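Reader: I am new to reading protein models. Please take one part and look at it closely with me. Could you walk through the charged side chains and then what surrounds them?

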Amino acid sequence: MNLLLLLAALCLGTTLATPKFDQTLTAEWHQWKSTHRRLYGTNEEEWRRAVWEKNMRMIRLHNGEYSEGKHGFTMQMNAFGDMTNEEFRQVVNGYQHQKHKKGKMFQEPLLFRAPKSVDWREKGCVTPVKNQGQCGSCWAFSATGCLEGQMFLKTGQLISLSEQNLVDCSRPQGNQGCNGGLMDYAYQYIKENGGLDSGDSYPYEAKDGSCKYKPEFAVANDTGFVDIPQEERALMKAVATVGPISAAMDASHPTMQFYKSGIYYEPNCSSKDLDHGVLVVGYGFEGTDSNKNKFWLVKNSWGPEWGMEGYIQIAKDRNNHCGLATAASYPSVK
């Protein structure tokens, strides 16, 4: 038994004896395996099912509490179902929060009153939800998503950009491919490189590779990046006036792993310990009172089957929940 399986056993609080399974879940387990094309060896299947059942019980408990009004969002079993939370964090969260060279600082527009809701998808400047796979490249997806929006607003053309180009080529700027990186480092690479290839010409592989950038396929460029002050008011004005914004967040919790719908609020979410790059494409509120139930509309990179067709609503104006305003930025485009 390999180390990961042993760790999974320890995390589950089980012994190395054959786990006792909930037979009422057997049909769902086999359906889940078929849906997500999972094939295991005999020993691994036992442990993966034990992990899956533990996650399923947690999801059902949460949703039961949701029906009692104790939570504002629901959870659902998904492709991460056979992962412990520790494995999940190691695989998909690749934002490296660290001190780095600062860009220009966002200047809030004077006398500007931000609208009560914004959704840049309605303007046509957001590409379909993508899937980073088992590669810590969230930073690259956040960066391409933001630049895609800026290029659309400049040219009127929405072109999907190459995350693999960033994964393979931006190490000199400080990124580490599938082992993580920063959106600002990605923007710095694009500026120094003189362009970024399209996604069609440089397709995503979800693994590290050698740099294959070809300038003849470059469809986007930037002149650097702009950092946004670490407060939600500034982020709101940036989202309202600039377009989709790159941001980082704490996405380490099981509630995030299995989020389905509603306004996400996790009491243990940190505004400082950030581990995942995302794209803020808007904000809004639920119900009729715009001062209550406010949320940020966030595009994720875990595929359209996760969350609200790949999106999540995160609680807004609640002390910078999960840190969305802590490290937000966007590329400058002439």
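Author: The structure holds 16 salt bridges. The model is predicted. Side chains of opposite charge can pair when their charged atoms come close.

Start with Glu 44 and Arg 48. Their side chains meet in a salt bridge, at 3.5 Å from N to O. Where do Glu 44 and Arg 48 lie? Both are in helix α3, which covers residues 42–67. They are four residues apart, about one turn of the helix. An α-helix has 3.6 residues a turn, so residues three or four places apart point the same way.

Are these two buried or exposed? Glu 44 has 28% relative accessibility, so it counts as partly exposed. Arg 48 has 8% relative accessibility. Buried means under 20%, so Arg 48 counts as buried.

The pair has company. Glu 44, Arg 48 and Glu 87 are linked in a network of salt bridges. Follow Glu 87 into helix α4, residues 85–92. Glu 87 is one of the buried residues there. The others are Asn 85, Phe 88 and Val 92. Look down the axis of α4: these buried residues fall within an arc of 155°, so they line one face of the helix.

Next, take Arg 171 and Asp 208. Their side chains also meet in a salt bridge, 3.5 Å from N to O. This pair links distant parts of the chain, 37 residues apart. Arg 171 sits in the loop between α6 (163–169) and α7 (183–193). Asp 208 sits in the loop between β4 (196–197) and β5 (218–220). Arg 171 has a relative accessible area of 40%, so it is partly exposed. Asp 208 is partly exposed as well, at 36%.

A third salt bridge joins Glu 231 and Arg 233. Their closest N and O atoms are 3.4 Å apart. Glu 231 has 33% relative accessibility and counts as partly exposed. Arg 233 has 47% and also counts as partly exposed.

Charges meet rings here too. The charged end of Arg 121 sits over the ring of Tyr 311, 4.5 Å from the ring centre. The charged end of Lys 316 sits over the ring of Trp 296, 5.2 Å from that ring's centre.

Trp 296 leads us to the nonpolar core. The largest such core has 87 residues. Which of them touch the most other members? They are Leu 166, Ile 228, Leu 235, Val 239, Ile 245, Trp 296 and Leu 324. Helix α5, residues 138–155, gives the largest share of this core, eight residues.

Now the rings themselves. The structure holds 14 aromatic pairs. In one of them, the rings of Trp 29 and Trp 32 have their centres 5.7 Å apart and their planes at 10°. Planes under 30 degrees apart count as stacked, so this pair is stacked. Trp 29 and Trp 32 both lie in helix α2, residues 26–35. They are three residues apart, about one turn of the helix. Both are buried.

Other rings gather in a cluster. Ring pairs link Phe 73, Phe 80, Phe 88, Tyr 259, Tyr 264, Trp 302 and Trp 306. Phe 88 takes us back to helix α4, where it is one of the buried residues. Glu 87 is buried in that helix too, and it belongs to the salt-bridge network with Glu 44 and Arg 48.

Methods: Residues numbered from 1 in each chain as written. Predicted model: local features only at pLDDT ≥ 70, side-chain atom pairs only at ≥ 80, totals over all residues. Heavy atoms only, no water. Buried < 20%, exposed > 50% of the residue type's maximum accessible area, 1.4 Å probe, protein only. Helix = DSSP H or I, 4+ residues; strand = E, 2+ residues; numbered from the N terminus. Arc of directions from axis to C-beta. Core = buried A, V, L, I, M, F, W, Y, C linked by side-chain atoms within 4.5 Å. Phe/Tyr/Trp six-rings, centres within 6.5 Å; stacked < 30°, edge-to-face > 60°. Lys NZ or Arg CZ within 6 Å of the ring centre and 35° of its normal. Salt bridge = Lys/Arg side-chain N within 4 Å of Asp/Glu carboxyl O.
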